[in-house]
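Subject: Structure for your review

Dear colleague,

Please find below the structure that I am handing over to you. My findings follow it, and I would be grateful if you could read them with the coordinates open.

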Amino acid sequence: MGLIKGTWACAVLALFERKAAPNELVMDGIAVDSAIRGQGIGSQLLDAIIDYAQAHGFESVRLDVIDSNPRARKLYQAKGFVATKEERFPHLKWLIGFSGATTMVKVLN
């Protein structure tokens, strides 16, 4: 992406800062190397985040999934996350690589 474009993208994304609600853990993201995708690593990482949130008394976990990553959205849905908000910004796709995001929340028991 390059230093200048990366810095600009960070500045733009800072406008979308997400604050956690009381007793809510905001997950900023997980990444799995493309060479080992499909081996359950993403599920294990997500399970560990959910376990951490439960162990530390959080009532929910919130995350955003980008529109260009349907596999991640499918995983989050399988783990009990529910879409609560959709945002579209097609004019920024050239800069950030995606044109929308869905906020998803999992309520913990």
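Of the 109 residues of the protein, 31% count as buried. The exposed surface comes to about 7200 Å², and carbon and sulfur atoms supply 57% of that area. Please bear in mind that this is a predicted model. Its mean pLDDT is 81, and 73% of the residues reach 70 or more. Among the elements, H2 has the highest mean pLDDT, at 95, whereas helix H4 (residues 93-96) has the lowest, at 58.

Overall organisation

The protein has four helices and four strands. Read from the N terminus, these elements follow the order α-β-α-β-α-β-α-β. Among contacts between residues at least 6 apart in sequence, 63% join residues at least 24 apart.

Strand pairing

Strand E4 (residues 100-107) pairs with both E2 and E3. E2 and E4 run antiparallel and are joined by seven bridges; within this pairing, Val61 has Lys106 in E4 as its bridge partner. Strand E3 (residues 82-88) is also antiparallel to E4, with six bridges between them, and Glu87 stands opposite Ala101 in E4. How many of the eight residues of E4 are buried? Seven of them are, so E4 is largely enclosed by the rest of the structure.

The nonpolar core

In soluble globular proteins, nonpolar side chains tend to be buried together. The largest nonpolar core here has 14 residues, of which Met27, Val61, Leu63, Tyr76 and Phe81 touch the most other members. Two or more residues each come from strand E1 (24-27), helix H2 (41-55), strand E2 (60-66) and helix H3 (70-78). The greatest contribution is that of H2, which gives four residues.

Val61 deserves a separate look. Leaving aside neighbours within four places in sequence, Val61 is in contact with Leu25, Met27, Ile49, Ala53, Phe81, Met104, Val105, Lys106 and Leu108. Lys106 thus appears both among these contacts and as the bridge partner of Val61 in E4.

Further along the chain, Val65 is also in strand E2. Val65 counts as buried because its relative accessibility is 4%, under the 20% limit. With neighbours up to four places away set aside, Val65 is in contact with Ala72, Arg73, Tyr76, Gly100, Ala101, Thr102 and Met104. One of these, Gly100, is 35 residues from Val65 in sequence, while their C-alpha atoms are 8.6 Å apart in space.

Glu24 and Ser60

Two polar residues in strands also merit attention. Glu24 lies in strand E1 and is buried, with a relative accessible area of 11%. A polar atom of the Glu24 side chain lies 2.9 Å from the backbone nitrogen of Ala21. Beyond four places in sequence, Glu24 is in contact with Lys19, Phe58, Ser60 and Arg62.

Ser60 is found in strand E2 and counts as buried at 11% relative accessibility. Not counting residues up to four places away in sequence, Ser60 touches Asn23, Glu24, Leu25, Val105, Lys106, Val107 and Leu108. Its contacts therefore include residues of E1, such as Glu24, and residues of E4, such as Lys106.

Asn23 and His56

Which sign does the phi of Asn23 have? The angle is positive, at about 60°, although Asn23 is not a glycine. Most residues other than glycine have a negative phi. Asn23 lies in the loop between helix H1 (3-14) and E1. With a relative accessible area of 40%, Asn23 is partly exposed.

His56 is placed in another loop, the one between H2 and E2. The side chain of His56 reaches the backbone oxygen of Tyr52 at 2.9 Å. His56 and Asn23 are 33 residues apart in sequence, and the distance between their C-alpha atoms is 9.4 Å.

When you go through the model, I suggest beginning with E4, seven of whose eight residues are buried, and then turning to Val61 and its contacts. I would welcome your comments.

With kind regards

Notes:
Residues numbered from 1 in each chain as written. Predicted model: local features only at pLDDT ≥ 70, side-chain atom pairs only at ≥ 80, totals over all residues. Heavy atoms only, no water. Core = buried A, V, L, I, M, F, W, Y, C linked by side-chain atoms within 4.5 Å. Buried < 20%, exposed > 50% of the residue type's maximum accessible area, 1.4 Å probe, protein only. Contact = heavy atoms within 4.5 Å. Polar contact = N/O pair within 3.5 Å; in protein donor to acceptor, adjacent residues only side chain to side chain. pLDDT = per-residue confidence, 0-100. Areas by Shrake-Rupley, 256 points an atom, 1.4 Å probe, with all protein chains shown as cover. Pairing = 2+ DSSP bridges.
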